[in-house]
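User: I would like a close look at one part of this model, namely its salt bridges. Please take the pairs in turn and say where the partners sit.

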Amino acid sequence: MEESTITENDGEWLHELTLKNTVLEQLNFYMTDVVKVKPGDLELIAEKMCILGLSKARSYNNTVWECVIPYIQEPQDRAAISLVCKSWYEIDAITRKHITIALCYTTTADLLLRRFPHLESLKLKGQPRAVMFSLVPNEWGGYVTPWIKEIVESSSRIKALHFRRMIVKDSDLELLATSETGKGLEVLKLDYCRGFSTDGLLHISRFCRSIKTLFMEECTILENDGEWLHELALKNTVLENLNFYLTDLVKISSEDLELIARKCASLVSMKISDCDTSDLCGFFQSATSLEEFGGGSFSALPEQVDEGVLNEQLKRYSIAFPPRLCRLGLTFLGKTEMPIVFSIASRLRKLDLLYAMLDTEGHCLLLQRCPNLEILAARIVIGDRGLEVLAQFCKRMKRLKFERGDENEEAEGVISHKGLIALSRGCIELEHLSLYVSDITNASLKCVGTYLKNLQNFRLVLIEKQQKFADFPLDNGVRSLLMGCHKLRRFALCLRPGGLTDVGLSYIGRYSPKVRWMLLHYVGESDKGILEFSKGCPSLRKLEMSACCFSERALAVAVLRLTSLRYLWVTNYRITASGGNLIHMVRPNWITELIPATQAPVHNVNGEVLAHILAYYSLAGQRTDLPSTMRHL
């Protein structure tokens with residue numbers, strides 16, 4: 001069927017072939033649109049061919065897999081395929097195009113590029129997630145330099161690089177930009193990185209003429225001038241995505257943004273730092289293909305103004321948005337300027353209100369005009385009333401993220417179990433839900449499990465608004481949620497003392513068969529809880545815990561039981577000065593690093609000290625750049 005045009009309804013044809021055929025010698029659907037292929041069916045066909053011992057089948061076998069394996073993209077499936085036999089291992093090596101490395105110290109660039117010589121896309125994570133909460137020393141590590149050097153020296157075919165939470169230097173960007181790899185580079189994402197300046201960006205703008213995506217959201221960048229943006233505007237004609245949102249870059253020329261919009265007809269996404277929105281009229285007029293915009297700013301109004309001033313403000317910011325714009329995030333958007341969004345509200349699919357200056361009522365007025373909204377980020381000032389509006393008017397919602405604001409906002413509105421219940425009943429297509437709540441009940445968690453059957457990512461943080469919670473512990477609610485949400489892959493539960501007993505923690509282990517990442521805070525009562533938990537979670541690869549009461553030995557035993565675990569982060573955990581009992585978790589390629597508390601150590605009567613533990617699998621052995629404030633176990 002090679003190069004045939006096939007309308008694919010399902011993969012039943014291949015399954016039927018697997019069950020009924022025992023004499024197959026050749027199977028070829030190369031260069032077709034057939035993608036609903038189950039690795040299990042292909043494996044069974046190969047087994048039957050091998051059992052028959054047909055010489056032709058053996059000769060065709062690799063050809064079949066060379067055609068099929070490139071269509072399998074899931075990393076877990078690829079990893080399983082590479083373990084079947086040597087030939088499949090080699091096919092995986094030459095056909096793998098993208099790799100994600102969850103921690104930069106788990107391997108080396110040399111090992112990776114020798115294993116996958118035709119790699120085109122690499123995502124590399126550096127410092128632990130705790131760095132975002134100032135729980136990691138500044139000198140922790142996570143340098144991108146050795147990776148850039150190896151990528152450049154190996155003349156890699158890589159077209160897309162994504163570095164997250166890493167230290168990037170100007171010299172790294174210059175080396176990359178002036179290399180052969182830089183000439184063909186199409187995507188560069190610097191995500192929550194630091195260590196570089198606009199001088200480094202200038203090299204990227206000047207030499208990387210093929211770059212389509214330049215992403216720097218939430219990076220710490222030293223700004224010398226705005227020449228990098230001007231150079232990008234002059235030299236680039238293929239840019240599709242430019243993002244320097246939530247950075248301190250302020251030397252931004254609206255004329256350069258407009259020039260980029262005029263020259264880059266394929267520009268679909270632009271997210272910028274603070275730049276008065278009224279200066280962007282020319283940009284919006286030129287960016288006819290723009291689908292996403294984030295950033296900008298609005299001039300603040302005095303507290304007491306008359307109607308004329310309000311009308312003048314609204315007139316100043318009356319903007320004609322591009323016709324395709326459907327993803328929007330205007331920073332510092334106030335209630336006065338909110339009407340400028342009304343004209344496109346009905347076509348919005350994504351809305352970021354995390355940095356908007358709206359109260360509960362403002363959120364409600366805007367959201368009830370957004371019936372096609374699928375993604376929303378906002379602060380918890382939206383309140384239960386805002387969640388009720390979402391449940392009533394935004395039935396297509398798939399991703400929701402609610403973060404904390406300041407204390408004054410929380411005095412006006414917060415999210416409670418009532419809002420969660422309304423949301424669960426109204427937005428049943430939700431796949432991602434992350435929220436801070438003032439209180440929570442078993443009934444509300446059960447409601448999540450009952451209605452949100454598509455939920456894949458759930459994160460709940462209980463804030464410190466009150467000391468006592470009437471419905472603690474939440475054991476039964478958590479069990480109902482996990483039993484109902486069968487698709488859950490990521491699960492975070494941050495409670496207060498007494499929120500979950502050992503029984504509840506055992507429920508998490510028992511009913512989380514597909515969860516791969518987990519964050520737990522204030523869960524369990526004793527070692528029994530973590531030991532029961534570790535009997536489950538067969539798919540768990542990353543575990544982060546804090547404020548838990550487990551002993552070193554129990555933690556070590558749990559790690560050994562969690563056979564899929566590749567990464568462990570424990571914060572503010574009481575360990576002895578030597579960390580001796582953690583020695584029980586030692587196994588081949590398992591690296592354990594002890595990190596002292598970021599503040600002055602706190603000792604109790606037993607001589608125990610609060611500290612952090614990071615443990616992970618590594619093919620590269622112990623790292624050589626461990627700072628003096630840390631030590632290997």
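Which residue's side chain meets that of Arg114 in a salt bridge?

Analyst: In this predicted model, the side chain of Arg114 meets that of Asp110 in a salt bridge, with a distance of 2.9 Å from N to O. Both residues belong to helix H6 (residues 109-115), and because they are 4 residues apart there, about one helical turn separates them. Arg114 counts as exposed, at 56% relative accessibility, whereas Asp110, at 32%, counts as partly exposed.

A salt bridge between strands is found at Asp191 and Arg164, where the closest N and O atoms are 2.8 Å apart. Asp191 lies in strand S4 (residues 187-191) and Arg164 in strand S3 (residues 160-164), so this pair ties together parts that are 27 residues apart in sequence. Asp191 has a relative accessible area of 12% and is buried; Arg164, at 19%, also counts as buried, because the cut-off for that class is under 20%.

Another pair is formed by Arg385 and Glu361, again with 2.8 Å between the closest N and O atoms. This salt bridge links distant parts of the chain, since Arg385 is in helix H17 (residues 383-393) and Glu361 in helix H16 (residues 360-367), 24 residues apart. Arg385 is partly exposed at 43% relative accessibility, and Glu361 is partly exposed as well, with a relative accessible area of 31%.

Beyond such pairs, Arg78, Asp92, Arg96 and Arg115 are joined into one network by salt bridges that share partners. The count of salt bridges comes to 24.

Key. Residues are numbered from 1 along each chain as its sequence is written. This is a predicted model: local features need pLDDT of at least 70, side-chain atom pairs count only at pLDDT 80 or more; totals for chains, interfaces and linings use all residues. Side-chain values use heavy atoms; hydrogens and water are left out. A salt bridge is a side-chain nitrogen of Lys or Arg within 4 Å of a carboxyl oxygen of Asp or Glu. Helices (H or I, at least four residues) and strands (E, at least two) are DSSP runs, numbered from the N terminus. Buried means under 20% relative accessible area, exposed over 50%, partly exposed in between (1.4 Å probe, protein chains only).
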